[in-house]
Amino acid sequence: MALPEDTCSRKGIPVLDLCEAVDMNCRVLGRHDRVAHRPASLDNACDGAVAFCSWTGDLGSDRIRRSAASVIICTPEAGSLDCSSGKTLLLVARPRLAFI
């Protein structure tokens, strides 16, 4: 599903629109009102970026915690992470596919 044209403006893309665009069973952890302004790699992301993490276990948890991305598309396993740091996690079965 493509995003509405006006959604991709400078205003960014709201998390709930990202979930709809992913067209997968998507669960949101953290702030539902967050807006993503740009895609980025997990390691090079900055505040306002959306990134993905396909890693699982301790390595995945560590990479998610260290990333500066505001929104991270990740596996359902990451649902046990604490989102009090301000990150919003989108839990999907195939994070890389959802990111593309």
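Helices here are DSSP runs of H or I, at least four residues long, numbered from the N terminus. The model on screen is predicted. Under that definition, residues 95-99 form helix α3, and A98 lies in it. The tour comes back to A98 at the end.

**Whole chain**

Start with the full protein chain, coloured by secondary structure. Three helices and seven strands should appear. Read from the N terminus, the order of elements is β-α-β-β-β-β-α-β-β-α. Of the 100 residues, 44% are buried. The exposed surface comes to about 6,000 Å², and 50% of that is supplied by carbon and sulfur atoms. Among contacts with a separation of 6 or more, 36% involve residues 24 or more positions apart.

**Confidence**

Now colour by pLDDT. The chain has a mean of 84, with 87% of its residues at 70 or more. Select residues 1-9: their pLDDT is below 50, and in the model this stretch has 11 contacts beyond near neighbours in sequence. Which elements have the lowest and the highest mean pLDDT? Helix α1 (residues 15-22) has the lowest, at 88, and strand β5 (residues 49-53) the highest, at 95.

**The sheet**

Hide the helices and keep the strands. Five of them make an open sheet with mixed pairing, in the order β2-β7-β6-β5-β4. At its edges are β2 (27-29) and β4 (38-39), each of which pairs on one side only.

Step across the sheet from the β4 edge. β4 and β5 run parallel and are joined by two bridges. Select R38 and look across to β5, where A49 stands opposite.

Next, select β5 alone with its surroundings shown. Four of its five residues are buried, so the strand is largely enclosed by the rest of the structure. On to β6: four bridges join β5 to β6, and these two strands run parallel. Select F52 and find its bridge partner in β6, I73.

Keep I73 selected and look to β7, where its bridge partner is L90. Strands β6 (residues 71-74) and β7 (residues 88-91) pair in the parallel sense, over four bridges.

**Helix α1**

Bring back residues 15-22. Helix α1 lies across β2, β5, β6 and β7, and runs at about 15° to β7. Select V15, L18, C19, A21 and V22, which are the buried residues of this helix. They sit on the same side of α1 because they cover an arc of only 165° around the axis. Move on to D23, which follows α1 and has a positive phi, near 55°.

**Helix α2**

Select residues 57-66. In helix α2, the buried residues are G60, S61, R63 and I64. Their arc around the axis is only 165°, which puts them on the same side of α2. What do the buried residues of α2 pack against? Show contacts from these residues: they pack against β5, β6 and β7. Then turn the view to the face directed away from the buried side, which carries the exposed residues D58, R65 and R66.

**A36**

Select A36, found in strand β3 (residues 35-36). With a relative accessible area of 5%, A36 falls under the 20% cut-off and is therefore buried. Display its neighbours within 4.5 Å, leaving out residues up to four places away in sequence: A36 touches G12, I13, L18, G48, V50 and V71. One of these, L18, is among the buried residues of α1. Add A69 to the selection and draw the C-alpha to C-alpha distance from A36, which is 9.0 Å for a separation of 33 residues in sequence.

**A98**

Finish in α3 with A98. Is this residue buried or exposed? A98 counts as buried, at 14% relative accessibility. Leaving out residues up to four places away in sequence, A98 touches V22, M24, I73 and V92. Two of these have been selected before: V22 is one of the buried residues of α1, and I73 is the bridge partner of F52 in β6. Last, select A21 together with A98: 77 residues separate them in sequence, and their C-alpha atoms are 8.5 Å apart in space.

Definitions and conventions. Residues are numbered from 1 along each chain as its sequence is written. This is a predicted model: local features need pLDDT of at least 70, side-chain atom pairs count only at pLDDT 80 or more; totals for chains, interfaces and linings use all residues. Side-chain values use heavy atoms; hydrogens and water are left out. Buried means under 20% relative accessible area, exposed over 50%, partly exposed in between (1.4 Å probe, protein chains only). Accessible areas come from the Shrake-Rupley method with a 1.4 Å probe; for residues, only the protein chains shown count as cover. pLDDT is the predictor's confidence in each residue, from 0 to 100. Two strands pair if DSSP finds at least two bridges between them. Axes are lines fitted to C-alpha atoms, for helices over the stretch in contact, and angles run from 0 to 180 degrees between N-to-C directions. The arc is that of the directions from the helix axis to the C-beta atoms.
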